[in-house]
Amino acid sequence: MTRNDGADTASAPTSDTGAPGTVAVAVAADVPGDVVPGVTVAEVAVPELTAPGVPVPGRDTELADSRLRASLSPSRAGDFKTCPLLYRLRSIDRIPEAQTPDQARGTLVHAVLERLFDLDAQARTPEAAREMVTPEWDRLVAEAPGLAGIVTEDGLPGFLTSAGELLDGYFTMEDPQRLAPAERECLVSVDVDEGRLQLRGFIDRLDVAPGGEIRVVDYKTGGAPREAFESRALFQLKFYALVLWRTRGVVPSVLRLIYLKDREICDFRPDEEELARFERTVIALWAAINRARETGDFRPTPSRLCAWCAHQALCPEFGGTTPPYPEGMGAIGAVVAAPAGAAG
Ligand code: SF4
């Protein structure tokens, strides 16, 4: 890992000039009913993916389409690694979580950074980004009215200003006038473990150099100390790198985390061996999730991340009572693997 406080690294792949590229990203044509051959929708146990709470416009709508098959996103995998009970409450019980202003701000800043690259290169200035903040917020609220309740009317000016400050931070680290992202907010997916498990997730930005080198970029906007979440963030980036490697046959040369609040860039350079190992880890993780699904044994695992957990009231570690385990939540993989000759 290299930490990079300043400008863009010269060695990282960039597409410096010209119009945005058109490199295609493998997107699973996943629609309701797109299930494993020989398995009817009714037989397959339910949701794995979408975080409860106020949906993120665009992302959750698309991810919700894939809830009927064995699939894993980096967020849900990270939940299980962090605390199996957290995974259960989010993915199986689907207990709603109120979105926090920090999360709403993150959604807003991501939206502005995505749209910034719709502008001509010379027009991508800090002022232009700030001018996009209010219209983007209005658009997001129109798409997901629940967002409006997260920020009070009195607090809205300060909220929008703080989003603008995060965007100012972005311009101290990268020069978007020199970038031509190949993809933004792109949904990527791949089947692993002989088709038994689908990995999928959204990548904030993909840069593809003329020579084909790929850089995966993820923006971090959170207010929580980032040391608490860094291993989760790295897991997420390796997850994306694995999907890209398996779909394109190219190991991304750089995985980039951009911490907008800290104004710091962290670059990781994965290799094939590391991603192969990571793939085995993810498959083993899914097996562990399935075992827990069969037994209902999702143990709480307290850590400093509990401070950000919305489910303390349902957690025995905090004196709460966990609701009874929902019926019919067997192992998804067992159902998927059952039909003879199923290709997955
Ligand atoms: S409070 Fe901590 S131990 Fe309890 S469910 Fe949340 S993350 Fe797990």
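A residue is near the ligand here if its C-beta atom, placed from the backbone, lies within 6 Å of it. Keep that cut-off in mind, and remember throughout that this is a predicted model.

**Stop 1: the ligand**

Select the ligand and the residues around it. The shell holds 14 residues, and those that come nearest are C83, P300, C306, C309 and C315. Now colour the shell by residue type: 10 of its residues are nonpolar, 3 are polar and 1 is charged.

**Stop 2: the whole chain**

Zoom out and switch to a cartoon. You should find 9 helices and 7 strands. The chain has 344 residues, and 36% of them are buried. Turn on contacts with a sequence separation of 6 or more, and 75% of these join residues 24 or more positions apart.

Next, colour by pLDDT. The chain has a mean of 79, and 75% of its residues reach 70 or more. Residues 1-67 have a pLDDT below 50, although the model gives this stretch 142 contacts beyond near neighbours in sequence. At the other end, select residues 334-344: pLDDT stays under 50 there too, and the model has 25 contacts for this segment beyond four places in sequence. Where pLDDT is low, the predicted coordinates should not be read in detail. You may like to fade both segments before moving on.

**Stop 3: helix 2**

Select residues 74-82, which form helix 2. How many of its 9 residues are buried? The count is 7, so this helix is mostly covered. To see them, pick P74, S75, R76, A77, G78, D79 and F80. Then show what lies over these buried residues: the cover includes strand 2 (71-72), helix 3 (84-92), strand 4 (197-208), helix 7 (230-248) and helix 8 (272-295).

Stay a moment with R76, which sits in helix 2. Is R76 buried or exposed? R76 counts as buried because it has 23 C-beta neighbours inside 10 Å, and 20 are enough for that label. Draw a distance from the C-alpha of R76 to that of R88: the two are 12 residues apart in sequence and 9.6 Å apart in space.

**Stop 4: R94 and R263**

From helix 3, follow the chain into the loop that leads to helix 4, where you will find R94. Check its backbone: phi is positive, about 55°, although R94 is not a glycine. Most residues other than glycine have a negative phi. R94 is partly exposed, because 15 other C-beta atoms lie within 10 Å.

For a second example, jump to R263, in the loop between strand 6 (254-259) and strand 7 (264-268). Phi of R263 is near 55°, again a positive value in a residue other than glycine. R263 counts as partly exposed, because it has 16 C-beta neighbours inside 10 Å.

**Stop 5: helix 5**

Select residues 126-143, the 18 residues of helix 5. From first C-alpha to last, helix 5 reaches 25 Å, close to the 26 Å expected at 1.5 Å a residue. Look along the axis and stop at V133, where helix 5 bends by about 35°. A proline, P135, follows within four residues of that bend.

Show side chains for A129, M132, V133, E136, W137 and L140, which are buried. The cover over the buried residues of helix 5 includes helix 4 (101-116) and helix 6.

**Stop 6: A163 in helix 6**

Move across to helix 6 (residues 156-171) and select A163. Why does A163 count as buried? It does so because 27 C-beta neighbours lie inside 10 Å. Leaving out residues up to four places away in sequence, A163 touches R105, L108, V109 and V133. V133 is the residue where helix 5 bends. One more distance to draw runs to D102: its C-alpha is 9.6 Å from that of A163, with their positions 61 residues apart along the chain.

**Stop 7: A310**

Finish in the loop between helix 8 and helix 9 (332-337), where A310 is found. A310 is partly exposed, because 17 other C-beta atoms lie within 10 Å. Beyond residues up to four places away in sequence, A310 touches E97 and A98. Last of all, draw the distance from A310 to T100: these residues are 210 apart along the chain, yet their C-alpha atoms are separated by 10.0 Å.

Notes
Residues numbered from 1 in each chain as written. Predicted model: local features only at pLDDT ≥ 70, side-chain atom pairs only at ≥ 80, totals over all residues. Nonpolar A, V, L, I, M, F, W, Y, C, P; charged D, E, K, R; others polar. Helix = DSSP H or I, 4+ residues; strand = E, 2+ residues; numbered from the N terminus. Buried ≥ 20, exposed ≤ 12 C-beta atoms within 10 Å, placed from the backbone. Contact = placed C-beta atoms within 7 Å. Expected span 1.5 Å × (residues − 1). Bend = angle between axes of the 7 residues up to and from the residue. pLDDT = per-residue confidence, 0-100.
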